[in-house]
Amino acid sequence: MSAGRYVDGYHCEVVARSPDAAGEWYLATTWADTPDEALGWLHHQATRLADVLDAAEDDQAAEQCRYAAPVAAVFREWTADAEFRAVQCAALAGGQPISANARGPDRVCGSADVEVLYSLAARPILRPVLTPFGSSRVDRR
């Protein structure tokens with residue numbers, strides 16, 4: 001963390017971006033009070049997103065084969081990795097942003113030519129530490 005600043009919570013978000021479709025969609029967002037709460041919320045959102053994407057996966061198996069792993073599998077693996085969760089929790093507690101990202105074919109319109117990037121992220125909200133009135137070095141009383 002920066003000197004003179006403190007963490008006032010964590011902003012968490014789930015975003016789908018498609019440069020090919022020139023769009024960005026915020027799917028969910030929340031404010032968390034602790035790193036554990038932030039990661040818990042992100043893991044819940046990852047599971048929800050994976051469930052939705054799994055339902056459409058059979059319809060687009062041919063398009064998915066150009067990717068190393070289906071988006072749903074990437075997020076399920078991320079939520080199951082307790083060791084990495086501890087690393088990300090420590091990073092958040094230390095003032096660093098964290099994310100989990102995956103990419104795959106479009107699931108909304110079904111166009112194989114459109115790629116969608118999914119991002120689950122959290123970042124600390126840093127606030128300045130305010131000094132009490134009259135305690136500034138400039139105040140020469």
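**Exercise 1. Work out how the strands E1, E2, E3 and E4 are ordered in the sheet.**

Solution. Start with E3 and E4, which run antiparallel and are joined by eight bridges; helices (H or I, at least four residues) and strands (E, at least two) are DSSP runs numbered from the N terminus, and two strands pair if DSSP finds at least two bridges between them. Within this pair, Ala 100 stands opposite Leu 120 in E4. The model is a predicted one, in which local features need pLDDT of at least 70 and side-chain atom pairs count only at pLDDT 80 or more, while totals for chains, interfaces and linings use all residues. Residues are numbered from 1 along each chain as its sequence is written, and side-chain values use heavy atoms, with hydrogens and water left out.

Next, E4 also pairs with E1, in the antiparallel sense over 11 bridges; here Val 15 stands opposite Ser 119, and Tyr 6 has Arg 127 of E4 as its bridge partner. E1 in turn pairs with E2, again in the antiparallel sense, over nine bridges, with Glu 24 in E2 as the bridge partner of Arg 17. The hairpin of E1 and E2 has four residues between the strands, and Ala 22 takes a positive phi near 55 degrees there.

The pairs give an open sheet of four strands in the order E2-E1-E4-E3. E2 and E3 are the edge strands, each pairing on one side only. Neighbouring strands are turned by 20 degrees against each other on average, direction ignored, where axes are lines fitted to C-alpha atoms, for helices over the stretch in contact, and angles run from 0 to 180 degrees between N-to-C directions.

**Exercise 2. Determine which strands H3 touches and which strands H4 touches.**

Solution. For H3, look at the sheet, on which this helix packs by touching E3 and E4, with a direction at about 160 degrees to that of E3; contact means heavy atoms within 4.5 Å. For H4, which also packs on the sheet, the strands touched are E1, E3 and E4, and the direction of the helix makes about 125 degrees with that of E3.

**Exercise 3. Describe the largest nonpolar core and name the residues with the most contacts inside it.**

Solution. A nonpolar core is a set of buried Ala, Val, Leu, Ile, Met, Phe, Trp, Tyr and Cys residues joined through side-chain atoms within 4.5 Å, and buried means under 20% relative accessible area, with a 1.4 Å probe and protein chains only. By this criterion, the largest core has 27 residues, and Leu 42, Phe 75 and Tyr 118 have the most contacts inside it. The elements that each supply at least two of its residues are E1, E2, H1, H3, H4, E3 and E4, with the largest share, eight residues, coming from H1.

Then take Phe 75 by itself: leaving aside residues up to four places away in sequence, this side of the count includes Ala 46, Leu 49, Ala 100, Asn 101, Ala 102, Tyr 118 and Leu 120 as residues touched.

**Exercise 4. Decide which element of the protein has the lowest mean pLDDT and which the highest.**

Solution. The protein averages a pLDDT, the predictor's confidence in each residue from 0 to 100, of 83, and 76% of the residues score at least 70. Its four helices and four strands run β-β-α-α-α-α-β-β from the N terminus on. Among these elements, helix H2 (residues 61–64) has the lowest mean, 52, and H4 the highest, 96. Where pLDDT is low, the predicted coordinates should not be read in detail.

Terms used: Buried < 20%, exposed > 50% of the residue type's maximum accessible area, 1.4 Å probe, protein only.
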